[in-house]
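Here's a quick tour for anyone who wants to know what holds a fold together before heading back to the bench. Have a look at the structure first, then read on.

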Amino acid sequence: MREKDSSEKMLEDYDDVFADIMNVIIFGGERRVKPGALRDLPTHSQYKADDSKLHEQERDIAKLWKEGNVELAICGVENQTKIEKFMPARAMGYDGASYRRQLLKRRTRLIPVVTLVLYFGTDRKWTWPTTLKEVLNIPEGLEGYVNDYRIHVVNVAWLPSETIEKFQSDFRVVANFFSEKRKNADYIPDDTQVIKHVDEVLKLLSVMTGDNVYQEVLLSDDRKGVNTMCDVAERLVNKGRTEGRLEGQLEGEKKLARLMNVLLSAGRTDDAQKAASDEEARKKFYREYGIID
């Protein structure tokens, strides 16, 4: 989903959030990966296709997990809002690029590459294949010679509550939001957990839901003081009330303008003056000319 990414820092790019995701999804909540043990890695790579041209590919996030001088693994995260049929091939390309970089360094031994695909859809679970062989049309007899590749998809909106509670970073807020949103499309955020990376959480929600209201909270005049999703909900409710009042005022002005045109066209100048200053007279004329809905 590169088209939805920006040059700004993504939520999962923060070491505390990235480590939290790895610890809960891979290690069941055990605090194996420490934020301070992570190092950012390049996400950009190039490859040659059948047309002999140099192509580029870019993954979302990649980090080196390192304890002291020991490099343990290269870990990647890919964000998806929609199911991608050929995701196994895409992920294999990302991981292959990471192994290729290691080969160029002439290592005596390679370290493993692990990629998690975070799927934020709420209408249905990831139903497409999670292995390379499932998206290939393999001729008879080649099955045993075609290597397979499996991706690890995390259906964020379907994570059990006990799993969500294991998160200790802002990702718990995100996971809880999508879980509740799946159960109720009209869910109003009521999470009281204090958010550390407010801007990034709201930007992620805007991108993954396709709803700009969360981004608009960041741009609003009362952005200061937003620390929880409850604060966000309060801003959204207030915004709705303000828009409702403005819409009501606009409709009132349209009705009055219509009434004035009717009265003046009928030569009823005195009644027009009454309508402008007397609410009861105005209502009477509305009914008279059928302007009230």
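What follows goes from the overall picture to one helix, then to charged and aromatic side chains.

**The big picture**

Keep in mind that this is a predicted model. The protein has nine helices and seven strands. Of its 293 residues, 39% count as buried. About 17100 Å² of the protein is exposed, and carbon and sulfur atoms supply 48% of that area. If you take the contacts with a separation of 6 or more, 58% of them come from residues 24 or more positions apart.

**A look at helix 5**

Helix 5 covers residues 198-209. How far apart should the ends of helix 5 be? At 1.5 Å a residue, its twelve residues should span 16 Å, and the end C-alpha atoms are indeed 16 Å apart, so the expected and modelled values agree. Is helix 5 mostly covered or mostly open? Mostly covered: nine of its twelve residues are buried. The buried set is V198, E200, V201, L202, K203, L204, L205, S206 and M208, so you'll spot a glutamate and a lysine, E200 and K203, in that list. Right after the helix comes G210, which has a positive phi, near 70°.

**Salt bridges**

The whole protein has 14 salt bridges. Three of them are in the table.

| Salt bridge | Closest N to O distance |
|---|---|
| R172 and E165 | 3.6 Å |
| R268 and D271 | 2.7 Å |
| R268 and E288 | 2.8 Å |

R268 turns up in two of these rows, with D271 as one partner and E288 as another. The pair of R268 and E288 links distant parts of the chain, 20 residues apart: R268 is in the loop between helix 7 (229-265) and helix 8 (269-277), while E288 belongs to helix 9 (residues 279-288). How covered are these residues? D271 counts as buried at 17% relative accessibility, whereas R268 is partly exposed at 22%. E288 is partly exposed too, at 44%. Elsewhere, D13, D15, D40 and K63 are joined into one network by salt bridges that share partners.

The bridge between R172 and E165 brings together two unlike settings. R172 is buried, with a relative accessible area of 10%. E165 is exposed, with a relative accessible area of 52%, which is over the 50% cut-off.

**Aromatic rings**

Across the whole structure there are eight aromatic pairs. One of them is F27 with W65, an edge-to-face pair with 5.9 Å from centre to centre and 65° between the planes. F27 lies in the loop between helix 1 (15-25) and strand 1 (38-40) and W65 lies in strand 4 (residues 61-67), so this pair ties together parts 38 residues apart in sequence. F27 is partly exposed, at 24% relative accessibility, and W65 is buried, at 9%.

F177 and F178 also pair edge-to-face, at 5.3 Å centre to centre with 85° between the planes. F177 is buried at 2% relative accessibility, and F178 is buried at 1%. Both belong to one aromatic cluster, which also takes in F120, F167, F171, Y187 and Y214.

**Charges over rings**

Where does the charged end of R32 sit? It sits over the ring of F27, 4.3 Å from the ring centre. K63, a member of the salt-bridge network above, lies over the face of F18, at 5.8 Å from the ring centre.

Conventions: Residues are numbered from 1 along each chain as its sequence is written. This is a predicted model: local features need pLDDT of at least 70, side-chain atom pairs count only at pLDDT 80 or more; totals for chains, interfaces and linings use all residues. Side-chain values use heavy atoms; hydrogens and water are left out. Helices (H or I, at least four residues) and strands (E, at least two) are DSSP runs, numbered from the N terminus. The expected span of a helix is 1.5 Å times one less than its number of residues. Buried means under 20% relative accessible area, exposed over 50%, partly exposed in between (1.4 Å probe, protein chains only). Contact means heavy atoms within 4.5 Å. Accessible areas come from the Shrake-Rupley method with a 1.4 Å probe; for residues, only the protein chains shown count as cover. A salt bridge is a side-chain nitrogen of Lys or Arg within 4 Å of a carboxyl oxygen of Asp or Glu. Rings of Phe, Tyr and Trp (its six-membered ring) pair if their centres lie within 6.5 Å; planes under 30 degrees apart count as stacked, over 60 as edge-to-face and the rest as tilted. A charge sits over a ring if NZ of Lys or CZ of Arg is within 6 Å of the ring centre and within 35 degrees of the ring normal.
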